[in-house]
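This report describes a single structure for a reader who meets it here without prior acquaintance. The sequence and the model are shown below, and the account then turns to cavities, charged pairs and helices.

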Amino acid sequence: MRRHRRAKIVATVGPASASPDMLKRLFLAGVDTFRLNFSHGTHDDHARVHAAIRALEAEVGRPIGILQDLQGPKIRVGTIRDGKIAVTAGEVIRFVPSGVEGDRNAIPLPHPEIFAAIMPGHHLLIDDGRVRVAVTRLGDDFIEAEVIFGGAISNRKGVNLPGTVLDLSPLTPKDRADLAFGLDLGVDWVALSFVQKPADLLEARGLIGERAGLMAKIEKPSALDRIEDIIRLSDAVMVARGDLGVEIPHEEVPGRQKELVRACRLAVKPVIVATQMLDSMVAAPTPTRAEASDVATAIYDGADAVMLSAESASGSFPVEAVEMMDRIIRSTEQHKLYRSIIDASDPGEEQTAPHAVAAAAADLAEVIRSSAIVAFTSSGTTAARIARKRPAVPILAITPDGAVSRRLCLLWGAHSVLSEDIHTYEEMVERAVGIAQAEGFARPDDSMVVVAGIPFAQPGTTNNLRVVSVSRS
């Protein structure tokens, strides 16, 4: 089953999409990777969905990626007397580290790491920024703040701290239990929420090892300050525009999105653009024109994948949302300006032989109008190096590793196929031609560019390029 587009679709599974029948409908509509959001649902719920996806994978004969998204630390106010209090601009309120039945003079904020790190001038954003306060005075057991934007502060509402780096692990005890469960299930990707600094990735990598790909969710301003190191230490990145858009000014989000996509492309790491892409389709069968434009912008930026959240997890039109996203991607990629925009955003490549071979393969395939670029890859790196060029020619990624074939479901332009290892040059050519014809990428008299690493089955050795003609039998 071949997708006639390059960018991939990630869909979140929830009550609206968890049944085996709906998962199949979503896959057939265009989903390449399913996201399991561990902020919701039980382990039993996720285990059933995982089993259903793996059964679907066996039925359709195509790899399907599964992304586990960990909840991460949630910072919230405590319990408020009468459930909520109304605060107005200019008013001074006080937060305290403990207590119940709080009022405006003692709003519980049961997070000692905040009291240890916050400074005068820092802001607290409550309830997704609906209430904003600026810290004016600190004590050992209180934070005084002036209200900038007033509103209601209710029980257990979330708190964002855009200017404060907290001494806080992104892995809570719940996350550690969820991670162990997900790895035992066999998820392909683990998304780490609220990454602040490179050390957060090292902590997670120590637990994950090579059992799954590690994805950094970029939703904190402090992560942007160390983004190159964070990208280097991760296997993929998610531009989580929801929380990021709360903590940085709205007008900066589009530019940051472009910067992150470009940085990931340069680093040969898949990047997902996420949050509110077709949000109105939670309740309506069609999106707004602005939402359609938003999805298209991510595709013009060169994102590897775009993601649906509530649209597929809890919305009334999950299949229609996937179909719409698929149509927007295909239409954008076929637009007359797409290729010039993608080429103009080419970040270049590292000056190494493997990257040069991959770039040459992409350029050569376009010049000779090859039907496909066939990449033999044991780790996925060869295919990723080719995908960085965003070639006009499809990439057929052949790997002997089932886990790699599933992770490639996030990579731009890659159609992954599981096949046994190759051992000789002749076997490489024969396998490339046979699989390309079987998968609908080549016909007799077509030419293909074949890329591999020699010695075979050694990760990271992209060093061989060959043009192959498909002969008539």
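The largest cavity has a volume of about 230 Å³. It is lined by 19 residues, of which R3, D32, R62, A414 and H415 are the closest to its centre. A cavity here is a set of points, on a 1 Å grid over the protein atoms alone, where a 1.4 Å probe fits but cannot get out; a pocket is an open set with protein on both sides within 12 Å along at least five of seven lines, and lining residues have an atom within 4 Å of a point. Grid points are joined across faces, edges and corners, and a volume is the space filled by probe spheres set on the points.

The model is predicted: local features need pLDDT of at least 70 and side-chain atom pairs count only at pLDDT 80 or more, while totals for chains, interfaces and linings use all residues. Residues are numbered from 1 along each chain as its sequence is written, and side-chain values use heavy atoms, with hydrogens and water left out.

**Cavities and pockets**

In total, the structure holds 3 cavities of 30 Å³ or more. Strand β19 (residues 414–418) gives the most to the lining of the largest cavity, namely 3 residues. Helices (H or I, at least four residues) and strands (E, at least two) are DSSP runs, numbered from the N terminus. The lining of the largest cavity comprises 9 nonpolar, 3 polar and 7 charged residues. In this classification Ala, Val, Leu, Ile, Met, Phe, Trp, Tyr, Cys and Pro count as nonpolar, Asp, Glu, Lys and Arg as charged, and the others, Gly among them, as polar.

The second largest pocket has a volume of about 510 Å³. Its lining consists of 22 residues, with D235, V268, K269, S379 and T381 nearest the centre. Two elements, α15 and α16 (402–407), give two or more residues to this lining, and α15 supplies the largest share, 3 residues. By class, the lining of the second largest pocket divides into 9 nonpolar, 5 polar and 8 charged residues.

**Salt bridges**

A search of the whole structure finds 34 salt bridges, each being a side-chain nitrogen of Lys or Arg within 4 Å of a carboxyl oxygen of Asp or Glu. Two residues named above for the largest cavity, R3 and D32, belong with R5, D326 and R330 to a network of salt bridges. Three further pairs are listed below.

| Pair | N to O distance |
|---|---|
| D200 and K197 | 3.1 Å |
| D229 and R226 | 3.2 Å |
| R390 and D304 | 3.2 Å |

The pair of R390 and D304 links distant parts of the chain, 86 residues apart: R390 lies in the loop between α15 (381–388) and β18 (395–399), and D304 in the loop between α10 (289–301) and β16 (305–308). Buried means under 20% relative accessible area, exposed over 50%, and partly exposed in between (1.4 Å probe, protein chains only). R390 counts as buried at 3% relative accessibility, and D304 counts as buried at 2%. In the pair of D200 and K197, D200 is buried with a relative accessible area of 2%, whereas K197 is partly exposed at 28%. D229 is partly exposed at 24% relative accessibility, and R226 is partly exposed at 42%.

**Helices α15 and α12**

Helix α15 is mostly covered, with 7 of its 8 residues buried. These are T382, A383, A384, R385, I386, A387 and R388. They pack against α9 (253–266), α14 (353–367), β17 (372–376), β18 and β20 (447–452). Contact means heavy atoms within 4.5 Å. Just after α15, R390 takes a positive phi of about 50 degrees.

Helix α12 (residues 318–333) has 16 residues, which at 1.5 Å a residue should span 22 Å; its end C-alpha atoms are 23 Å apart, which agrees. The expected span is 1.5 Å times one less than the number of residues. Among the buried residues of α12 are P318, V322, M325 and I329, together with D326, a member of the salt-bridge network. The buried residues of α12 pack against β1 (8–13), α1 (20–29), α10, β16, α11 (310–313) and α13 (338–344).

**Residue T33**

T33 lies in strand β2 (residues 33–37) and is buried, with a relative accessible area of 1%. Not counting residues up to four places away in sequence, T33 touches I9, V10, A11, G65, I66, L67, C409 and L410.
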